[in-house]
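Visitor: Before we look, I would like each label to be justified as we go, with the value set beside the cut-off that decides it.
Guide: Then let us take the labels one by one, with the structure in view.

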Amino acid sequence: HLLPGNHDPDRPGGTWERLLRQGVLPEHIRVHREPCPVELETGVWLLPAPLRRRAEGADPTAWMETAATPAGALRIGLAHGSISG
């Protein structure tokens with residue numbers, strides 16, 4: 001599981017777009033470019049927080065608290081970057 005972060009944000013025409021367009025990543029590698037729940041296996045959900053800019057003005061993980069997953073699901077947050085304060 002790969003996640004765009006503060007050193008390699010997901011920008012138009014950037015690294016992630018080029019890698020996916022070229023088809024050079026092995027099939028078992030998944031790039032998480034959208035902040036949405038992904039079921040890894042039954043009852044286990046990944047909540048990725050990809051970055052689109054080197055420095056975000058808002059908390060990219062804020063959506064995770066209200067993300068729709070089944071009751072009792074194991075939720076794994078995945079984030080990368082720096083914090084303020």
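Visitor: What makes E34 partly exposed?
Guide: E34 has a relative accessible area of 46%, and because the label covers values between the 20% limit for buried and the 50% limit for exposed, E34 is called partly exposed. Please keep in mind that this is a predicted model.

Visitor: Why is the contact between E34 and R52 called a salt bridge?
Guide: The closest N and O atoms of E34 and R52 are 3.1 Å apart, and the label asks for a side-chain nitrogen of Lys or Arg within 4 Å of a carboxyl oxygen of Asp or Glu, so the pair qualifies as a salt bridge. This pair links distant parts of the chain, with E34 in the loop between α1 and β1 and R52 in the loop between β2 and β3, 18 residues apart. R52 is likewise labelled partly exposed, at a relative accessible area of 30%.

Visitor: How many salt bridges does the structure hold, and how do you know that D10 and R33 form one of them?
Guide: There are three salt bridges in the structure. For D10 and R33 the closest N and O atoms are 2.8 Å apart, and the limit is 4 Å, so the pair is counted. The two residues come from distant parts of the chain, D10 from the segment before α1 and R33 from the loop between α1 and β1, with their positions 23 residues apart in numbering.

Visitor: Is D10 buried or exposed, and what is the label of R33?
Guide: D10 has a relative accessibility of 7%, and because buried means under 20%, D10 counts as buried. R33 has 24%, which lies between the two cut-offs of 20% and 50%, so R33 counts as partly exposed.

Visitor: What separates E17 from R21, and why is their contact a salt bridge?
Guide: E17 and R21 are four residues apart in helix α1, which means that about one helical turn separates them. Their closest N and O atoms are 3.5 Å apart, and since the limit is 4 Å, the contact is a salt bridge. E17, at 28% relative accessibility, counts as partly exposed, whereas R21, at 57%, is over the 50% cut-off and is therefore exposed.

Visitor: Why is N6 called buried, and what does its side chain contact?
Guide: N6 has a relative accessible area of 15%, and because the limit for buried is 20%, N6 is called buried. N6 is found in the segment before α1, and its side chain makes a polar contact with the side chain of H80 at 2.9 Å, where the cut-off for such a pair of N or O atoms is 3.5 Å. The C-alpha atoms of N6 and E56 are separated by 8.5 Å, although these residues are 50 apart along the chain. E56 is found in the loop between β2 and β3 and, at 27% relative accessibility, counts as partly exposed.

Visitor: What makes β1 and β3 the edges of the sheet?
Guide: The open sheet has three strands in the order β1-β2-β3, with mixed pairing. β1 (38-41) and β3 (74-79) each have a single partner strand, so one side of each is left without a neighbour in the sheet. From one strand to the next, the twist averages 30°.

Visitor: How do you know that the pairing is mixed?
Guide: β1 and β2 (residues 44-49) run antiparallel and are joined by three bridges, while β2 and β3 pair in the parallel sense over six bridges; two bridges are enough for strands to count as paired. V38 stands opposite L46 in β2, and the bridge partner of L47 in β3 is G77. The hairpin of β1 and β2 has two residues between the strands, and there G43 takes a positive phi near 80°.

Visitor: What makes β2 mostly covered?
Guide: Six of the six residues of β2 are buried. V44, L46 and P48 are buried on one side, and W45, L47 and A49 on the other, which leaves both faces covered.

Visitor: Why can L40 belong to a nonpolar surface patch?
Guide: L40, in strand β1, has a relative accessible area of 36%, and because patch residues need over 30%, L40 meets that condition. Together with L74 and I76, L40 makes a patch of about 240 Å².

How values were computed:
Residues are numbered from 1 along each chain as its sequence is written. This is a predicted model: local features need pLDDT of at least 70, side-chain atom pairs count only at pLDDT 80 or more; totals for chains, interfaces and linings use all residues. Side-chain values use heavy atoms; hydrogens and water are left out. Axes are lines fitted to C-alpha atoms, for helices over the stretch in contact, and angles run from 0 to 180 degrees between N-to-C directions. Patches are made of residues with over 30% relative accessible area and no salt bridge: like charges are joined within 9 Å, nonpolar side chains (Val, Leu, Ile, Met, Phe, Trp, Tyr) within 5 Å. Accessible areas come from the Shrake-Rupley method with a 1.4 Å probe; for residues, only the protein chains shown count as cover. Buried means under 20% relative accessible area, exposed over 50%, partly exposed in between (1.4 Å probe, protein chains only). A polar contact is a pair of N or O atoms within 3.5 Å; within protein, one must be able to donate a hydrogen and the other to accept it, and residues adjacent in sequence count only if both atoms are side-chain atoms.
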